[in-house]
Each structure stands twice: as structure tokens, then as C-alpha cells.
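I am opening a fresh page to keep track of what I look up in this structure. I will go from the whole chain down to single residues and write down each thing as I find it.

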Amino acid sequence: IGGVVVENRGNAPAHNVKIVLEYDGADVNRIRHLQVVSDVEYIVRGGGEHQSFANLRVRQLDPGKKLVIYFSGTSAVQPRVTVTHYEGTA
């Protein structure tokens, strides 16, 4: 069981935030349970429970707002977590 906090500690909103949790060795490591507690609206764009990855997207993460992502897997291996954002237009 593990968790990750994604929080905007800056002074400006972050737009088009993409959060990826990904296990190496996809044949063995799978996400058994995934729960997100969030201050903002988000969508799961791909993966999730019973997959080796999860992609989440947040349109705007304002300063001080956060998501907490809880997950459990089939082994004690922690997933790689990547967070990116871009300031593109619609």
C-alpha cells in the first residue's frame, strides 16, 4: 500500500496536469486498488485497477490545491510517478 500527494505549491494555477503512476515489469506488477482524494475535479484517462499504470488528468490545479492518490499493488515495488503540465490553449 502506498500513496502520493500532488500539490500546487506555486503562486499560479497549473493547467492540463497529467499524473502517471506506472509499474516496471507490467507482467507482474498490477494496481489492485486505486483511490483518489482530491480538492479538484479529475478524470482517470487510462489504466487503473487491475492494470500496471494509471493516468489521471486535472484541467486546473490552483495554488494550495492537491490530490492524494492511494494505491495498493501485487508486490512491495513502488510505481514510478510522473507529473507534468502544460499551458496550452483549449
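The entries below follow the order in which I looked things up.

**Entry 1: the model and the whole chain**

I note at the outset that this is a predicted model, and I read everything below with that in mind. I looked up the secondary structure and found 7 strands and 0 helices in the chain, so that the pattern read along the sequence is β-β-β-β-β-β-β. For the overall dimensions, I find that the C-alpha trace spans about 40 × 25 × 15 Å along its principal axes. I then checked the radius of gyration, which is 13 Å; because a compact globule of 90 residues would have a value near 12 Å, the two agree. Of the 90 residues, 33% count as buried. I also looked at how far contacts reach along the chain, and among those between residues at least 6 apart in sequence, 74% join residues at least 24 apart.

**Entry 2: the sheet and its pairings**

I traced an open sheet of 4 strands, and I write its order as β4-β5-β2-β7, with antiparallel pairing. The edge strands are β4 and β7, each of which pairs on one side only. Neighbouring strands in this sheet are turned against each other by 15° on average, with direction ignored. Within this sheet I followed β2 and its partner β5 (residues 53-61), which run antiparallel and are joined by 8 bridges; here Val17 stands opposite Val58 in β5.

I next turned to β1 and β6, another antiparallel pair, joined by 6 bridges, where I find Glu7 opposite Lys66 in β6. In a regular strand the side chains alternate between the two faces of the sheet. I looked for this along β1 and found that Gly2, Val4 and Val6 point to one face and are buried, whereas Gly3, Val5 and Glu7 point to the other and are not.

**Entry 3: the core**

Which residues of the largest nonpolar core touch the most other members? I find that Ile19, Leu61, Leu67 and Ile69 do, in a core of 18 residues. At least two residues of this core come from each of β1 (2-7), β2, β3, β5 and β6. I took Leu61 as my example and, leaving aside neighbours within four places in sequence, listed its contacts, among them Val6, Ala14, Val17, Val40 and Leu67.

Having met Val40 in that list, I looked it up as well, and it lies in the loop between β3 (31-38) and β4 (43-47). Is Val40 buried or exposed? I record it as buried, because its relative accessibility is 15% and the limit for that class is under 20%. The C-alpha atoms of Val40 and Leu61 are separated by 7.0 Å, although the two residues are 21 apart along the chain. Beyond its neighbours within four places in sequence, Val40 is in contact with Val58, Gln60, Leu61, Lys65 and Leu67.

I made the same check on Ser72, which has its place in strand β6 (residues 66-73). With a relative accessibility of 12%, Ser72 counts as buried, and its contacts, not counting residues up to four places away in sequence, are Ile1, Tyr23, Arg30, Ile31, Arg32 and His33.

**Entry 4: salt bridges**

How many salt bridges does a search of the whole structure find? The search finds 3. One of them joins the side chains of Glu7 and Arg9, at 3.4 Å from N to O; I note that Glu7 is partly exposed at 33%, while Arg9 is exposed at 72%.

Another joins the side chains of Glu22 and Arg80, at 3.2 Å from N to O. This pair links distant parts of the chain, since Glu22 is in strand β2 (residues 14-22) and Arg80 is in strand β7 (residues 80-84), 58 residues apart. Arg80 also forms a salt bridge with Asp24, with the closest N and O atoms 3.2 Å apart. Asp24 lies in the loop between β2 and β3 and Arg80 in strand β7, so this pair ties together parts that are 56 residues apart in sequence. I therefore write down Glu22, Asp24 and Arg80 as one network, joined by salt bridges that share partners. For accessibility, I record Glu22 as partly exposed at 31%, Arg80 as partly exposed at 42%, and Asp24 as partly exposed at 49%.

Key:
Residues are numbered from 1 along each chain as its sequence is written. This is a predicted model: local features need pLDDT of at least 70, side-chain atom pairs count only at pLDDT 80 or more; totals for chains, interfaces and linings use all residues. Side-chain values use heavy atoms; hydrogens and water are left out. Buried means under 20% relative accessible area, exposed over 50%, partly exposed in between (1.4 Å probe, protein chains only). Contact means heavy atoms within 4.5 Å. A salt bridge is a side-chain nitrogen of Lys or Arg within 4 Å of a carboxyl oxygen of Asp or Glu. Two strands pair if DSSP finds at least two bridges between them. Axes are lines fitted to C-alpha atoms, for helices over the stretch in contact, and angles run from 0 to 180 degrees between N-to-C directions. A nonpolar core is a set of buried Ala, Val, Leu, Ile, Met, Phe, Trp, Tyr and Cys residues joined through side-chain atoms within 4.5 Å. The radius of gyration is taken over C-alpha atoms; the globule rule is 2.2 Å times the number of residues to the power 0.38.
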